[in-house]
Amino acid sequence: MLTVRPLPRYGRHGDLDITDDLHIVGDPAGTVIDGNQTDRVFDIGTAGITVTFDRLQIVGGNPPPTDFLEAQGGGIRMNVDATLVLNDTIVTLNEISGGIETLLGGGVQSSGTLILHRSEVTRNTLSGTSPLIGAGISS
């Protein structure tokens, strides 16, 4: 299941919450999923599931800098023991800034299994005075 939280959190519009096994296949010509700098793009929050992205560009994630859990995964946050597979996927131009705790994974934060096939995690950023770990991937 893929959902958007119905009410804005912290003045933002909300990320796409993934709670069940999911496989998204983009168009061969290119499919961009843009967070538009309003929140992270995807939030995988259920242990034991498998999420697979094929032929996607995941861009424009920027979660609110409010607490430790929000300062993780600009493009994709997977803070549970799940599996994320990226096939021919680009995670780029996501960012985390500010925060009161350690900032983790400007592109991808993974507490589970992360598998990349012909994929790129590039040009993601972390910025702030807190400790910074993994502008691209924190796992």
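These are my notebook entries on a predicted model of one protein chain.

**Entry 1. Overall content**

I began with the secondary structure of the protein chain and found zero helices and 18 strands. I then looked up burial: of the 139 residues, 46% count as buried. For the accessible surface I noted about 6,300 Å², with 54% of that area belonging to carbon and sulfur atoms. I also checked how far apart in sequence the contacting residues are. Of the contacts between residues at least 6 apart in sequence, 74% join residues at least 24 apart.

**Entry 2. The sheet E3-E6-E9-E14**

I traced an open sheet of four strands in the order E3-E6-E9-E14, and its pairing is parallel. Which strands stand at the edges? I found E3 (22–25) and E14 (113–117) there; each has a single partner strand, so one side of each is left without a neighbour in the sheet. I looked up the angle between neighbouring strands of this sheet, which is 5 degrees on average, direction ignored.

I went through the pairs in order. E3 is joined to E6 (residues 50–54) by four bridges, and the two run parallel. Here I noted Val25 opposite Asp54 in E6. Asp54 also has a bridge partner in E9, namely Asn87. E6 and E9 pair over five bridges, in the parallel sense. E9 and E14 are likewise joined by five bridges and run parallel. In that pair, Leu86 has Leu116 of E14 as its bridge partner.

I checked the cover of E9 (residues 83–87) separately. Four of its five residues are buried, so I wrote it down as mostly covered, with buried meaning under 20% relative accessible area.

**Entry 3. The sheet E4-E7-E10-E15**

I traced another open sheet of four strands, in the order E4-E7-E10-E15, and again recorded parallel pairing. E4 (32–34) and E15 (120–122) are its edge strands; each has a single partner strand, so one side of each is left without a neighbour in the sheet. Neighbouring strands here are turned against each other by 10 degrees on average, direction ignored.

I looked at one pair in detail. E10 (residues 90–92) and E15 run parallel and are joined by three bridges. Ile90 stands opposite Glu120 in E15.

**Entry 4. The nonpolar core**

I listed the largest nonpolar core, which has 20 residues. Which of its members touch the most other members? They are Ile18, Phe42, Ile44, Phe53, Ile58, Ile76 and Leu84. The elements that give two or more residues to this core are E3, E5, E6, E8 (76–78) and E9. As background I noted that nonpolar side chains tend to be buried together in soluble globular proteins.

I followed Ile58 further, leaving aside its neighbours within four places in sequence. Its contacts include the core members Phe42, Phe53 and Ile76. Ile33, Val41 and Gly75 are also among the contacts of Ile58. I also found Thr89, Ile90, Val91, Thr92 and Asn94 in contact with Ile58. Of these, Ile90 is the residue I had noted opposite Glu120.

**Entry 5. The aromatic pair**

I searched for paired rings, and the count comes to one aromatic pair. The pair is Phe42 with Phe53, at 4.6 Å centre to centre and with 35 degrees between the planes, and I recorded it as tilted. Phe42 lies in E5 (residues 42–44) and Phe53 in E6, so the pair ties together parts that are 11 residues apart in sequence. Are the two residues buried or exposed? I found both Phe42 and Phe53 buried.

**Entry 6. Positive phi outside glycine**

I looked up two residues other than glycine that have a positive phi, starting with Gln37 and going on to Arg118. Gln37 has a phi of about 60 degrees. I placed Gln37 in the loop between E4 and E5. With a relative accessible area of 35%, Gln37 is partly exposed.

For Arg118, phi is near 50 degrees. Arg118 lies in the loop between E14 and E15, a link between an edge strand of the sheet in Entry 2 and an edge strand of the sheet in Entry 3. At 64% relative accessibility, I counted Arg118 as exposed.

Definitions and conventions: Residues numbered from 1 in each chain as written. Predicted model: local features only at pLDDT ≥ 70, side-chain atom pairs only at ≥ 80, totals over all residues. Heavy atoms only, no water. Pairing = 2+ DSSP bridges. Axes fitted to C-alpha atoms, helices over the stretch in contact; angles between N-to-C directions. Phe/Tyr/Trp six-rings, centres within 6.5 Å; stacked < 30°, edge-to-face > 60°. Buried < 20%, exposed > 50% of the residue type's maximum accessible area, 1.4 Å probe, protein only. Contact = heavy atoms within 4.5 Å. Areas by Shrake-Rupley, 256 points an atom, 1.4 Å probe, with all protein chains shown as cover. Core = buried A, V, L, I, M, F, W, Y, C linked by side-chain atoms within 4.5 Å.
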